[in-house]
Amino acid sequence: MTPIEMIVGLFVTTLISMVPLLLASVGEVVTERSGVVNIGLEGILLLGAFLAVMVDEATHQPVLGFLAGAGIGSVIGLVHGVISTKLKGNQIVNTIGVNMFALGVVGFGIYAVWGVWGAKTIPYDLKLPHITIAGYSLSPMIFVALGIAIFTWWWLFRTPFGRTLRAVGENPDAADVVGVNVDLVRIIATIYGATLAGIGGAYLSIDWFGGVTREIASGRGWLALANVAFSNWNPLMAIVGSMLFGFFDALVLWIGPMPEVNAIIPQELLRTVPYIATIIVISGVIKRVRPPKALGIPYSRE
Amino acid sequence: MSVIIRLLKDKYKSIINSIIALAIGFIGGIFAIYVAGFDVGEAMGMFWAHSIGNPFVDIYPLTVTLTYSAPLMLTGLAFALCARAGLFNIGVEGQLYMGALGIVLASSMLGLPTGLHSLVILGGAVLFALAWSSIPAILKVWRGTNEVVVTIMLNYIALWTADYIIFKFYADPSDATKSIPIPAYARLPLLVEGTSLSWNIVLSIGVVLLVYFFLWYTKFGYEMRVAGTNPTAARYAGINPRRAVISSFLIGGVLAGLAAYEKIAGIPPSYSVMSSMANVVGAGLDGIAVALVGANHPIGIIFASFLIGMLSAGAKGFNLIGIPKEVVYIFQGVIVMSLAVPNIYTLIKRKIKGVGGG
């Protein structure tokens with residue numbers, strides 16, 4: 001393998017790892033910009049991955065699998081949105097619950113639906129068809145995710161609704177005074193975020209890994225959450241962050257199995273690299289970023 | 001007893017909230033079992049038989065529940081202390097893994113006098129967990145880094161690191177699926193012979209009561225509670241909120257270390273760490289549910305740990321008739337989501353009145 005091939009190979013793996021991180025973090029940027037925090041991304045990835053396999057297997061239509069992932073994401077988003085606004089619930093506690101619930105549904109569901117323990121794999125022809133560019137087979141989802149990120153940036157920063165959404169997250173009182181329905185905007189933003197995470201989950205199972213396990217998300221929802229802060233709540237910066245976090249993920253997948261690497265550092269310890277990198281990155285940037293002012297606080301009219 | 005009565009009077013609302021959340025959680029879990037096509041009656045029968053049974057005839061199922069409850073009391077309290085200081089400490093799970101690593105490393109130091117060696121093993125558990133919990137505390141105070149993300153990352157790092165070190169260097173020579181065992185003299189003795197219930201439960205209740213006393217009857221504990229409920233007021237009163245961050249994480253770390261010690265030194269028959277940390281995994285996560293059901297109150301946590309311990313024990317019953325034990329996380333998830341809604345009791349009451357009154 002030539003050095004050029006290695007670099008291109010690592011870049012392609014980075015793009016593959018980037019997709020779920022990018023979808024989940026761009027969605028969470030929108031949710032948090034409206035003032036709602038959702039730490040249930042990990043659970044939504046899991047649920048999306050699980051449901052996508054179910055629907056894909058039943059219909060033989062990977063696209064419907066993706067729609068199923070989006071569907072379960074939007075249901076969770078709706079529930080979390082309503083609890084965070086109308087019911088004035090604790091957003092962190094509720095989404096801790098979402099993560100537990102997802103762990104239960106997927107751990108239990110894989111056996112209940114397919115009668116297998118731990119892992120359900122799907123045949124190759126049920127995976128989303130890839131396109132070939134310069135000899136590399138690439139998922140169309142790479143471009144879809146990048147497109148969604150750019151669209152979301154435009155939506156947030158160049159449209160009247162985007163301005164309203166950001167105002168709701170910064171100063172809900174002022175938005176309310178000018179007649180904005182604060183709760184409704186927040187519910188829409190929460191559904192949007194969770195839907196993208198659900199699509200990211202579908203990507204994990206019916207595009208990337210070709211199956212679903214309890215461990216399939218393996219912290220990607222949390223990396224996405226870290227990336228939201230890293231990106232300073234900006235969808236375009238989230239692309240940079242997802243590439244960065246995706247690179248560490250890819251690095252482990254790429255060099256992990258190489259014997260010459262394992263001679264120096266065992267694969268088990270190599271697996272901790274993305275997590276260590278995340279702690280360093282967010283500890284490094286956190287002081288120069290600023291979260292939306294009303295983040296995590298339910299709005300009530302005085 | 002008077003403590004409990006006062007708690008009932010003061011906190012009756014949060015107790016009713018917890019009971020309603022538990023009920024909703026059980027409805028959710030049972031619904032999942034039903035949808036998946038299992039016999040609900042048989043499943044819940046097995047659940048009861050393996051978690052409570054008939055204690056007058058056979059105390060064994062109850063001792064299984066209590067065996068699970070004991071470490072959960074400590075992990076729940078660790079989460080609750082941080083929650084009272086306004087922090088979400090999801091890192092108890094990783095601190096348990098590091099505590100387990102400390103125990104195994106200390107257990108390998110044979111040749112010490114038995115009494116000293118037992119202390120070293122307990123100290124290893126506490127120090128390793130404490131070191132791990134100091135990382136998010138330092139980053140929070142020094143850099144303002146969000147503790148949720150840091151503690152989750154540390155959980156993954158701890159799992160891979162501790163599992164690798166234990167099974168690469170300290171696997172049991174006769175059985176590679178286990179670590180070297182903790183020596184017999186460093187184990188917690190059984191409370192009821194022929195069961196798995198050891199002095200764990202006594203240790204846990206003692207520690208919870210101690211923390212209760214500390215929080216409610218010392219100046220330092222009072223300052224910690226104020227710093228969490230109202231940081232601005234705390235600052236005016238000359239209380240340093242940073243001190244509350246550091247001390248709640250550190251006490252949490254000690255509690256996590258003790259929980260790891262109970263998990264390994266206080267539960268027969270293995271008295272060692274199983275591969276992939278199988279006999280430690282989940283106690284930190286379950287602790288979050290315990291703390292929330294117990295309304296972050298030490299006395300509430302004692303009762304909540306019993307209920308969540310019951311779920312873990314009952315899961316074994318589920319497993320025997322082919323229902324994966326992960327189903328208990330559906331119960332727990334729905335319970336926690338219901339607890340996120342404040343005053344769910346008032347809400348339901350208003351709804352019922354709204355319907356009845358037209």
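In this predicted model, strand β1 (residues 171-172) of chain B runs antiparallel to strand β2 (residues 175-179) of chain B, and two bridges pair them. One residue of this pairing can be placed exactly: Ala171(B) has Ser179(B) in β2(B) as its bridge partner. The connection from β1(B) to β2(B) is a hairpin of two residues. These strands sit in a chain that is otherwise described by its helices, for the secondary structure of chain B amounts to 15 helices and two strands.

The overall dimensions of chain B come next. Along the principal axes, the C-alpha atoms of chain B fill a box of roughly 75 × 60 × 40 Å. The radius of gyration of chain B is 21 Å, which agrees with the value near 21 Å for a compact globule of 358 residues. Of those 358 residues, 53% count as buried. Contacts that span long stretches of sequence are well represented: where the partners in chain B are at least 6 apart in sequence, 74% of the contacts join residues at least 24 apart.

Chain B is divided into domain 1 (10-39 + 324-346) and domain 2 (63-320). The centres of domain 1 of chain B and domain 2 of chain B, taken over C-alpha atoms, are 24 Å apart. Where the two meet, domain 1 of chain B brings 13 residues to the contact and domain 2 of chain B brings 11 residues. On the side of domain 1 of chain B that touches domain 2 of chain B, α2 (12-35) and α14 (327-340) of chain B each supply at least two residues. Of the elements on this side, α14(B) gives the most, with seven residues. By residue class, the side of domain 1 of chain B that touches domain 2 of chain B holds eight nonpolar, three polar and two charged residues.

The interior can be followed through the largest nonpolar core, which has 204 residues; Ala100(B), Ala260(B) and Val293(B) are those with the most contacts inside it. Helix α4 (residues 60-84) of chain B provides the largest share of this core, 15 residues. Because domain 1 (10-39 + 324-346) and domain 2 (63-320) of chain B both give residues to this core, it lies between them. A closer look at Ala100(B) shows who its partners are: apart from neighbours within four places in sequence, Ala100(B) is in contact with Ala162(B), Ala260(B), Ile264(B), Val273(B), Met277(B) and Val280(B).

The two chains also meet each other, with 39 residues of chain A in contact with 36 residues of chain B. Four helices of chain A, namely α4 (91-114), α9 (220-230), α12 (267-270) and α13 (273-285), each supply at least two residues of the side of chain A that touches chain B. The largest share of that side, 15 residues, comes from α4(A). In composition, the side of chain A that touches chain B divides into 25 nonpolar, 10 polar and four charged residues.

One further residue of chain A deserves a brief word. Val261(A) belongs to helix α11 (residues 259-264) of chain A. Val261(A) counts as partly exposed, because it has 14 C-beta neighbours inside 10 Å. Between the C-alpha atoms of Val261(A) and Ala189(A), which lie 72 residues apart along the chain, the separation is 44 Å.

Notes: Residues numbered from 1 in each chain as written. Chains lettered and ligands numbered in written order. Predicted model: local features only at pLDDT ≥ 70, side-chain atom pairs only at ≥ 80, totals over all residues. Pairing = 2+ DSSP bridges. Core = buried A, V, L, I, M, F, W, Y, C linked by C-beta atoms within 7 Å. Buried ≥ 20, exposed ≤ 12 C-beta atoms within 10 Å, placed from the backbone. Domains from an automatic or database assignment. Contact = placed C-beta atoms within 7 Å. Nonpolar A, V, L, I, M, F, W, Y, C, P; charged D, E, K, R; others polar. Rg over C-alpha atoms; globule rule 2.2 N^0.38 Å.
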